[in-house]
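Please read the points below with the model open beside them. They are arranged so that the two sheets come before the loops and the backbone details.

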Amino acid sequence: MHLAFVDITYGYTADRPDSAAPVGGTTSAVCFTARELVKAGVKCSFFNKIEAPAEACGIPSLPLSALAQAVNNPDYTAFIFCGRWIPDMVRLIRANTKVQLIAWMHESSFNDKLVTALPEFDAVSYVSAWQQRINQPLAYPHWRQVVIRGAMNPHFAALFDVDEPILAVKTRPPILLYAGTAPRGVFHLPPILDELRKLRQDFTVEIYCNTNPSGSAEQDAQYITWLRGLLKVTHVGMVGQPQLAQAMKRAAFLISPNTWPETSCISMIEGMAAGLSVITTNRAVLPETAAGFARHIAVDTPDDPVRFDMPVPAAAFANAINLAMDEWINLPQKIEQKLRAQINYCLAHYQWQQRPAYWIEFLKG
């Protein structure tokens, strides 16, 4: 079995998630999935925006131009289009090969701009049941479909020993932490914090996210300066996974007022594995990912896959944080047990070494 992972968006080698630099969820998923597949005896190759051929973790990375030769190579079992694709490219490959063409969906919904639903695909792999359900009206009858969920960076799987106390390593006063590759929930934080300060003052806030709302470097810099001037708020920006893992380990709460139609939410998985109590919305996949371990604040039309302007009820969100903090402070034994169960759940369900079996079974048809 030889799999070609085609990514038209980024250029990288399979060791990209090991870098100290930030990495997006789709890139991380491609790299870790392929690395685990190689361990399971499956040959993998990357075709992406890398400028020159390179290799890491036993996986070659080739420029997209190399696809012209690859489609005529009978060694390949499938071409997997990761995250986004160009319809003409898919059609050209389809015209030159009879092997499987698979769409690996990461967007919330098929659309003509980024992820066109194409009859040329033989199969689609989704990252959540929510995503699969939302996209059924656009699915072709002949597609084989599967849900293979995302997972955490290994740094988060090794944060706590099996008998290590969780609350004992959390900083006091508690840290409310926001993390993400995109500032989807950051802009809702200031009004929520205004409401929370009416209820209590015993907390600090750390934001691990690049915050660029306008596209203008000058305006974005002004926004970040304003954000960093807010009471008890530290805006760190994006960091590498090892640093983020340690920051999460000492924080108490993952605060994610997210109204984006998320399809997996790796940052929540990693926050849960780091022993964070999660307060978020009921938007899109977030309840599925949280698996009953988070507090969810209701928002309008939570299943809408294309709406991006949804308001967050700041007072309700702040009240949920306040109640969670009261529990965290006053019922430590209960919280310790819940967090241990949460970490165990993540270890049992959200590790990359658990994914190859699903891919191999799916590819065999």
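A helix or strand is here a DSSP run, of at least four residues (H or I) for a helix and at least two (E) for a strand, with numbering from the N terminus. The model is a predicted one.

1. The sheet with mixed pairing. Eight strands are arranged in an open sheet of 8 strands whose order is E3-E4-E2-E1-E5-E6-E7-E8, and the pairing within this sheet is mixed. Its edges are taken by strand E3 (54–56) and E8, each of which has a single partner strand, so that one side of each is left without a neighbour in the sheet. On average, and with direction ignored, neighbouring strands of this sheet are turned by 25 degrees against each other.

2. Strands E5 and E6. Within that order, strand E5 (residues 78–83) is joined to E6 by 6 bridges, and the two run parallel. Two facing positions can be used to check the register: Phe 81 stands opposite Ala 103 in E6, and Gly 83 stands opposite Met 105 in E6.

3. The burial of E6. How many of the 6 residues of strand E6 (residues 100–105) are buried? The count is 6 of the 6, so the strand is largely enclosed by the rest of the structure. The side that a residue points to makes no difference to this result, since Gln 100, Ile 102 and Trp 104 point one way from E6, Leu 101, Ala 103 and Met 105 point the other way, and all are buried.

4. Helix H3. Helix H3 (residues 87–96) lies across strand E1 (2–6), E5 and E6, and the helix runs at about 175 degrees to E5.

5. The sheet with parallel pairing. A second arrangement to inspect is an open sheet of 6 strands, in the order E11-E10-E9-E12-E13-E14, with parallel pairing. The edge strands are strand E11 (233–235) and strand E14 (294–297), each of which pairs on one side only. Neighbouring strands here are turned by 20 degrees against each other on average, again with direction ignored.

6. Contacts inside this sheet and across it. Strand E12 (residues 253–256) and strand E13 (residues 277–281) run parallel and are joined by 4 bridges, with Phe 253 standing opposite Ser 277 in E13. Helix H8 (residues 241–250) lies across strand E9 (175–179), strand E10 (204–208) and E12, and the helix runs at about 150 degrees to E9.

7. The loop between E12 and H9. Is Thr 263, in the loop between E12 and H9, buried or exposed? Thr 263 counts as buried because its relative accessibility is 7%, which falls under the 20% cut-off for that class. Residues far from Thr 263 in sequence can still lie beside it: Tyr 126 is 137 residues apart from Thr 263 in sequence, yet the C-alpha atoms are 8.6 Å apart in space. Leaving out residues up to four places away in sequence, Thr 263 touches His 106, Glu 107, Ser 108, Val 127, Ser 128, Trp 130, Gln 131 and Val 285.

8. Unusual backbone geometry. Most residues other than glycine have a negative phi, and most peptide bonds are trans. Cys 265 has a positive phi, near 70 degrees; this residue lies in the loop between E12 and helix H9 (266–273) and, at 8% relative accessibility, counts as buried. Thr 301, with phi near 35 degrees, also has a positive value, but Thr 301 is partly exposed, with a relative accessible area of 43%, and is located in the loop between E14 and H11. The peptide bond from Arg 172 to Pro 173 is cis, with omega near 0 degrees, and Pro 173 lies in the loop between helix H5 (154–157) and E9.

9. A nonpolar surface patch. Trp 260, Val 306 and Phe 308 form a nonpolar patch on the surface, and together they have about 300 Å² of accessible area. Phe 308 is placed in the loop between E14 and helix H11 (314–330) and counts as partly exposed because its relative accessibility is 46%.

10. A position close to a cut-off. Ala 139 lies in the loop between helix H4 (129–135) and strand E8 (144–147). Ala 139 counts as buried because its relative accessibility is 19%, and buried means under 20%.

Notes
Residues numbered from 1 in each chain as written. Predicted model: local features only at pLDDT ≥ 70, side-chain atom pairs only at ≥ 80, totals over all residues. Heavy atoms only, no water. Pairing = 2+ DSSP bridges. Axes fitted to C-alpha atoms, helices over the stretch in contact; angles between N-to-C directions. Contact = heavy atoms within 4.5 Å. Patch = residues over 30% accessible without salt bridge, like charges linked within 9 Å, V, L, I, M, F, W, Y side chains within 5 Å. Areas by Shrake-Rupley, 256 points an atom, 1.4 Å probe, with all protein chains shown as cover. Salt bridge = Lys/Arg side-chain N within 4 Å of Asp/Glu carboxyl O. Buried < 20%, exposed > 50% of the residue type's maximum accessible area, 1.4 Å probe, protein only.
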